[in-house]
Amino acid sequence: MDLRERLNARLKEAMREKDTRRVGTLRLINAALKDQDIALRADGRTVGDAEATATMAKMVKQRQESARAYEEAGRLELAEAETEEIEIIEEFLPKRLSDEEVAAAIDAAVAETGASSVRDMGKVMGVLKSKYTGQMDFGAVGPSVRDRLNAG
């Protein structure tokens, strides 16, 4: 079952259970994917699972930032709502890699690209993004890649 089929099946379940938070979040995901489909229509393409995963990872990141802002403003009920949406979206994302797995992935990407200096960072990040989209936070991984390349 591909990602969209899983999304639609969970949406139907949520509608039967009258879970309004879940229904709303799943509809937001579907809307984001349809927007991307429309943008890609000119090329005769539709959104694949990898692109959908990247979109949902971006949605999670946006909600994390919103939750943080709400907490700082003392709006805990809104922060909690954002956190609930994050949990729902993450059900459809691949499992997050542990710190050890991220380090191993960085080492493998460095070996695969033959990277030897910070100038090769783009190659390494490209390999990581192609293989691990949705499984790691690339904003946090960038400094680790830089440190690894500086260490030689």
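**Figure 1. What covers the buried residues of helix α5.** In this predicted model, the cover over the buried residues of α5 includes α6 (121–132) and α7 (138–151). The residues underneath that cover are Val102, Ala105, Ile106, Ala109 and Val110, each of them buried. Seen down the axis of α5, these buried residues fall within an arc of 135°, so they line one face of the helix. Turn to the other side of α5 and you will meet Glu100 and Ala111, which are exposed. As a general reminder, an α-helix has 3.6 residues a turn, so residues three or four places apart point the same way.

**Figure 2. Helix α5 from end to end.** This helix takes in residues 99–113, 15 residues in all. From its first C-alpha to its last it reaches 21 Å, close to the 21 Å expected at 1.5 Å a residue. Follow the chain onward and glycine 114 comes after α5, with a positive phi near 70°.

**Figure 3. A lysine over a ring.** Here lysine 129 lies over the face of phenylalanine 138, and the distance from the ring centre is 5.8 Å. If you go looking for pairs of aromatic rings as well, a search of the whole structure finds zero of them.

**Figure 4. The buried side of helix α3.** Next comes α3 (residues 49–72), a helix of 24 residues that reaches 35 Å from its first C-alpha to its last, close to the 34 Å expected at 1.5 Å a residue. Its buried residues are Ala52, Thr53, Thr55, Met56, Met59, Val60, Arg63 and Ala67. What covers them includes α1 (3–17), α2 (20–40) and α4. Beyond the end of α3, look for glycine 74, whose phi is positive, near 80°.

**Figure 5. Arginine 63, buried or exposed?** The title's question has a clear reply: at 11% relative accessibility, arginine 63 counts as buried, because the cut-off for buried is under 20%. This arginine is found in helix α3. Leaving out residues up to four places away in sequence, arginine 63 touches Leu28, Glu82, Glu85, Ile86 and Ile89.

**Figure 6. Glutamate 71, another residue of α3.** Glutamate 71 lies in helix α3 as well, and at 48% relative accessibility it counts as partly exposed. Apart from its neighbours within four places in sequence, glutamate 71 is in contact with Leu76 and Ala79. For a sense of distance, pick out aspartate 107: glutamate 71 and aspartate 107 are 36 residues apart in sequence, and their C-alpha atoms are 37 Å apart in space.

**Figure 7. Helix α2 and the helices it packs against.** The 21 residues of α2 should span 30 Å at 1.5 Å a residue, and its end C-alpha atoms are 30 Å apart, which agrees. In this helix Arg22, Val23, Thr25, Leu26, Ile29, Asn30, Leu33, Asp37 and Leu40 are buried. The helices they pack against are α1, α3 and α4.

**Figure 8. Lysine 18 in the loop between α1 and α2.** Lysine 18 is found in the loop that joins these two helices. Its phi is near 60°, a positive value in a residue other than glycine. At 69% relative accessibility, lysine 18 counts as exposed.

**Figure 9. Stepping back to the whole chain.** Now that you have met some of the helices, here is how they fit into the chain. The chain has seven helices and zero strands, and from the N terminus on its elements run α-α-α-α-α-α-α. Along its principal axes the C-alpha trace spans about 55 × 45 × 25 Å. Of the 152 residues, 34% count as buried. Among contacts with a separation of 6 or more, residues 24 or more positions apart account for 55%.

**Figure 10. How confident is the prediction?** The average pLDDT of the chain is 89, and 99% of the residues score at least 70. Among the elements of the chain, helix α4 (residues 76–90) has the highest mean pLDDT, 95, and α7 has the lowest, 84.

Notes:
Residues numbered from 1 in each chain as written. Predicted model: local features only at pLDDT ≥ 70, side-chain atom pairs only at ≥ 80, totals over all residues. Heavy atoms only, no water. Helix = DSSP H or I, 4+ residues; strand = E, 2+ residues; numbered from the N terminus. Expected span 1.5 Å × (residues − 1). Buried < 20%, exposed > 50% of the residue type's maximum accessible area, 1.4 Å probe, protein only. Arc of directions from axis to C-beta. Contact = heavy atoms within 4.5 Å. Phe/Tyr/Trp six-rings, centres within 6.5 Å; stacked < 30°, edge-to-face > 60°. Lys NZ or Arg CZ within 6 Å of the ring centre and 35° of its normal. pLDDT = per-residue confidence, 0-100.
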